[in-house]
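Grab the model and work through these exercises with it open. Each one gives you a task, then a solution you can follow step by step.

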Amino acid sequence: MLTDVAASSSDSSSDTVTGTARLEPGAPPVPTPAGEIEPSPETEPSPETGPVPEQSVDYPEPRIPDLGNPWSAGGASPRPAGDQARPTSTGSTSGGESTSEVIRRVERSSGMLASRAAARMAEALPWFPAMSASHRAGIQLVVQAGISSFVEWCRRPEHARDLSEDVFRVAPRELVRAVTFRRLVDLVRVAVEAIEAEVPNLAGPEHEQRLLADVLRYSRDIAFAGAVVYARAAEERGAWDARLEALVVDHVVRGEVDRALPSRAAAVGWRNPPSVTVIVGTAGSNSPEVVVDEVHRLARMAQLEVLAGVHHDRLVMVVGGNFTAGRDGVGRPEMTLQPENSVEPPATAGTRPAGGTAPVNTVLDAARALLPACGPGPVVVGPVVGDLTGAPHAARVALAATDVVAAWPAAPRPVMARALLPELALAGNVDARRALIDEVYAPLRDAGTPLLETTGAYLDFGSSLEATARALYLHTNTVRYRLRKAAEVCGLDPADHRERFILHIALVLGRLDGVLPTGKT
């Protein structure tokens with residue numbers, strides 16, 4: 001019995017310590033004894049969450065470094081207000097390493113980083129080892145200057161643009177011409193990759209991400225600075241090329257041919273095509289620079305070589321290509337100038353240029369391709385010559401034809417200069433007069449008196465077969481036959497009104513020249 005009492009007393013004392021009472025199922029709650037603390041509802045276990053741990057620790061949220069701000073001059077990282085998770089000692093972090101120490105380590109390793117970047121360039125860029133030793137040394141000098149500039153960039157972020165532009169001032173001037181802008185982009189990319197690979201060795205874990213971010217931001221500034229350098233060089237080169245191109249065109253227009261002309265043209269990209277002509281049109285209302293740029297754009301689309309210049313209100317274009325035979329507007333085929341041992345392509349199977357434009361086979365096709373660059377008005381195409389040294393002759397003919405094209409209001413656009421021979425001859429052009437006599441009148445004269453006499457009578461009697469037959473005491477069929485033979489001889493059809501006009505002018509000039517028939521029948 002004493003044992004039961006002791007057990008009962010032990011159970012009662014246990015319940016008092018824990019502050020809870022044993023309840024039978026369905027019994028009312030037992031009040032907590034006085035002096036004991038009632039547990040809060042938050043610490044009570046629940047069937048959903050399970051038992052509550054005895055002690056909970058309030059861990060601070062992980063602090064993400066501010067990658068958007070550069071390194072500070074004093075080495076202290078910017079810290080939001082109220083952020084007390086880490087010590088705020090100047091120039092140090094929880095790891096004990098200051099940012100200024102990281103910057104000094106990068107500065108001391110600039111030579112090593114430049115060597116690693118150059119080695120990576122030699123491995124990743126096939127064209128880099130093929131460059132001259134002086135150019136490779138210049139590139140390595142630029143890389144080392146870029147790393148030194150990066151150190152100053154971290155210390156003085158407010159001068160980021162000036163510091164990044166200073167990198168390329170140490171480069172030799174000829175290095176800009178030796179390294180294209182596309183290759184510059186590759187060099188920057190490879191150098192950044194090489195430096196990124198060394199970042200873990202230069203900064204501890206607490207600085208690694210920030211240093212990587214700053215390397216990327218600095219590489220962006222370097223890329224923009226390089227673009228500015230190349231843009232400035234391109235502008236200077238473009239201005240020089242424009243002046244040199246204008247000088248070449250001026251020599252062609254003035255008829256000055258010397259040994260320097262082909263070399264000057266080659267300096268602006270002229271590649272000595274097998275056939276050359278000169279096309280003259282109006283410049284329009286746009287500025288000369290805009291007109292010349294449009295000519296070059298159209299020439300690239302048509303795969304043509306071109307040198308263009310604006311003289312007063314005229315647009316003069318020296319055009320080169322591989323032109324095949326075509327009609328010149330006077331009945332005679334154009335001279336086909338092909339390189340030796342080459343096969344002339346058929347006139348209907350020209351190469352279709354890029355961009356979906358029409359194939360360029362003849363000089364008229366070339367003129368049609370460049371027509372959008374010309375202003376309103378006639379466009380005259382000069383004769384075809386063999387190379388650039390013959391371009392002054394083509395320019396002289398084209399310019400002379402441009403002066404008289406107004407006499408033919410129905411002239412096509414573009415028009416061959418040879419199609420304006422009668423207008424040139426009437427204007428007193430000796431070369432046009434001689435061309436009509438030699439190419440039209442003389443063949444008819446040499447073919448015999450009947451052809452020349454019948455053709456002359458047909459033109460004098462207003463192109464009337466009956467009147468010509470009565471004047472010559474011939475049958476109309478005989479007149480038709482002789483006119484067909486005359487067309488085969490001189491290449492001009494008396495039935496066409498324009499060719500009949502050319503034929504009439506040629507016969508008049510032949511008579512004035514004192515060239516008489518060889519005999520009469």
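The expected span of a helix is 1.5 Å times one less than its number of residues. Keep that in mind for the opening exercise, and remember that this is a predicted model.

**Exercise 1. Work out what span helix H7 should have, and check it against the distance between its end C-alpha atoms.**

Step one: H7 covers residues 181-202, which makes 22 residues. Step two: at 1.5 Å a residue, the rule gives an expected span of 32 Å. Step three: the end C-alpha atoms are 31 Å apart, so the two values agree.

While you're on this helix, look at its buried residues: Leu 184, Leu 187, Val 188, Val 190, Ala 191, Val 192, Ala 194, Ile 195, Glu 198, Val 199 and Leu 202. When reading such a list, recall that an α-helix has 3.6 residues a turn, so residues three or four places apart point the same way.

**Exercise 2. Decide how helices H15 and H17 are oriented to each other: roughly parallel, roughly perpendicular, roughly antiparallel or oblique?**

Start with the geometry: the axes of H15 (residues 449-460) and H17 (residues 476-490) come within 9 Å and cross at roughly 105 degrees. Angles of 65 to 115 degrees count as roughly perpendicular, and H15 and H17 are therefore roughly perpendicular to each other.

Now see who does the touching. H15 contributes Pro 450, Leu 451, Thr 454, Thr 455 and Tyr 458, while H17 brings Val 479, Arg 482, Leu 483, Lys 485, Ala 486 and Val 489. Sorted by class, that contact has 7 nonpolar, 2 polar and 2 charged residues.

**Exercise 3. Lay out the sheet: what is the strand order, and which strands stand at the edges?**

First, the order: this open sheet of 5 strands reads E2-E3-E1-E4-E5, with mixed pairing. E2 (305-311) and E5 stand at the edges with a single partner strand each, so one side of each has no neighbour in the sheet.

Next, walk through some of the pairs. E2 and E3 are antiparallel over 7 bridges, and Gly 309 sits opposite Val 316 in E3. E3 (residues 314-321) also pairs with E1 in the antiparallel sense, over 8 bridges; here Thr 282 stands opposite Arg 314. E1 is antiparallel to E4 (residues 380-381) too, through 2 bridges, with Val 280 facing Val 380.

Then ask how enclosed E1 (residues 275-282) is: 7 of its 8 residues are buried, so the rest of the structure largely encloses this strand.

Last, add the helices. H10 (residues 288-302) packs on the sheet, touching E2 and E3, and its direction makes about 160 degrees with that of E2. H11 (residues 363-370) lies across E1, E3, E4 and E5, at about 40 degrees to E1.

**Exercise 4. Hunt through the loops for unusual backbone geometry.**

Begin with the peptide bond between Arg 413 and Pro 414: this bond is cis, with omega about 5 degrees. Pro 414 is in the loop between H12 (391-404) and E5 (415-416).

Move on to phi. Asn 272 isn't a glycine, yet its phi is positive at about 55 degrees. You'll find Asn 272 in the loop between H9 (260-267) and E1. Ser 463, also not a glycine, has a positive phi of about 60 degrees and belongs to the loop between H15 and H16 (465-472).

To finish, check accessibility. Exposed means over 50% relative accessible area; Asn 272 has 54%, so this residue is exposed. Ser 463, at 24%, is partly exposed.

Methods. Residues numbered from 1 in each chain as written. Predicted model: local features only at pLDDT ≥ 70, side-chain atom pairs only at ≥ 80, totals over all residues. Heavy atoms only, no water. Helix = DSSP H or I, 4+ residues; strand = E, 2+ residues; numbered from the N terminus. Buried < 20%, exposed > 50% of the residue type's maximum accessible area, 1.4 Å probe, protein only. Axes fitted to C-alpha atoms, helices over the stretch in contact; angles between N-to-C directions. Parallel < 35°, antiparallel > 145°, perpendicular 65-115°, else oblique. Contact = heavy atoms within 4.5 Å. Nonpolar A, V, L, I, M, F, W, Y, C, P; charged D, E, K, R; others polar. Pairing = 2+ DSSP bridges.
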